[in-house]
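Reader: I have a model open in my viewer and would like to learn how to read it feature by feature. Could you walk me through it?

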Amino acid sequence: PLLIALDSVLDPANLGSVLRTSHFLSHPSRPVRVLTCLKNSAPLSPACSAASSGAMEVSPPLAVGNMPRALQAAREAGWRVLLAEGSTNRGDVDVRDVRDWEVGPPTV
């Protein structure tokens with residue numbers, strides 16, 4: 001499985017768009033789900049539903065109380081945790097090109 005973890009996505013249209021895309025990319029043999037934070041996320045609202053084109057109703061996001069702890073728990077359980085951000089100047093993270101990513105273990 002692949003989880004797309006979103007932190008501080010506060011615009012319902014943006015959340016809906018990611019839900020729509022993840023639903024489109026999902027397959028029974030390789031599900032794709034969205035993981036959000038209960039405190040720092042757009043609400044599941046009519047605007048989010050419209051932006052998701054109905055994906056919110058059939059594949060609602062999973063919600064956690066604390067994203068850093070959830071990602072650490074996933075890592076400890078053997079999940080691969082990947083980070084996407086605008087800056088490539090991070091000394092504490094092994095930065096790789098997304099084109100080098102291979103299908104493998106469960107991934108967040």
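**Reading the fold, one feature at a time**

Author: Let's begin with a local detail: just after α4, Gly78 takes a positive phi of about 100 degrees. Keep in mind that this is a predicted model.

Reader: Which residues other than glycine have a positive phi?

Author: Ser8 is one of them, with phi near 65 degrees. Ser8 belongs to the loop between β1 and α1, and its relative accessible area of 43% makes it partly exposed. Ser53 also has a positive phi, near 55 degrees. You will find Ser53 in the loop that links α2 (46–52) to α3 (55–58). Ser53 counts as exposed, at 58% relative accessibility.

Reader: Back to α4, then. What caps its N-terminal end?

Author: Here is the general idea for helices: an α-helix has 3.6 residues a turn, so residues three or four places apart point the same way. Now the case at hand: helix α4 covers residues 67–76, and Asn66 caps its N-terminal end. A side-chain oxygen of Asn66 sits 2.9 Å from the backbone nitrogen of Arg69.

Reader: Let me zoom out. How many helices and strands does the protein chain have, and in what order do the elements run?

Author: There are four helices and three strands. Read from the N terminus, the order is β-α-β-α-α-β-α.

Reader: How do the strands pair, parallel or antiparallel?

Author: Take each pair in turn. β1 (residues 2–6) and β2 run parallel, joined over five bridges. In this pair, Ile4 stands opposite Val34 of β2. Between these two strands the chain passes through helix α1 (residues 12–25), and the β-α-β crossover is right-handed. On to the next pair: β2 and β3 (residues 62–64) are also parallel, with three bridges. There, Cys37 has Val64 in β3 as its bridge partner.

Reader: β2 keeps coming up. Is it mostly covered or mostly open?

Author: Mostly covered: five of the six residues in β2 are buried. The cut-off to use is a relative accessible area under 20%. Val34, in strand β2, has a value of 1%, so it counts as buried. Thr36 lies in β2 too, which spans residues 32–37, and Thr36 is buried because its relative accessible area is 6%.

Reader: What surrounds those two residues, if I leave aside their neighbours in sequence?

Author: With residues up to four places away left out, Val34 touches Ile4, Leu6, Leu15, Val18, Leu19, Ser22, Pro61 and Leu62. One of these, Pro61, is 27 residues from Val34 in sequence, yet their C-alpha atoms are 4.9 Å apart. For Thr36, the contacts beyond four places in sequence are Leu6, Leu15, Ser41, Pro61, Leu62, Ala63, Val64 and Met67.

Reader: And at the start of that strand, what can I learn from Pro31?

Author: Pro31 sits in the loop between α1 and β2. Its relative accessibility is 31%, so Pro31 counts as partly exposed. Apart from residues up to four places away, Pro31 touches Pro1, Leu2 and Ser26. Pro31 and Leu3 are 28 residues apart along the chain, with 8.4 Å between their C-alpha atoms.

Reader: I noticed cysteines as well. How many disulfides are there, and are Cys37 and Cys48 buried or exposed?

Author: The usual check is whether two cysteine sulfur atoms lie within 2.5 Å. By that rule the count is zero disulfides. Cys37 is buried, with a relative accessible area of 4%. Cys48 is buried as well, at 0%.

Reader: To finish, which numbers describe the protein chain as a whole?

Author: Three totals are handy. Of its 108 residues, 25% count as buried. The accessible surface comes to about 7,100 Å², and carbon and sulfur atoms hold 56% of that. Finally, take the contacts between residues at least 6 apart in sequence: 78% of them join residues at least 24 apart. Val34 and Pro61, 27 residues apart in sequence, make a good pair to display as you look at this.

Conventions. Residues numbered from 1 in each chain as written. Predicted model: local features only at pLDDT ≥ 70, side-chain atom pairs only at ≥ 80, totals over all residues. Heavy atoms only, no water. Polar contact = N/O pair within 3.5 Å; in protein donor to acceptor, adjacent residues only side chain to side chain. Buried < 20%, exposed > 50% of the residue type's maximum accessible area, 1.4 Å probe, protein only. Contact = heavy atoms within 4.5 Å. Areas by Shrake-Rupley, 256 points an atom, 1.4 Å probe, with all protein chains shown as cover. Pairing = 2+ DSSP bridges. Right-handed = clockwise from strand over helix to strand, strands pointing away.
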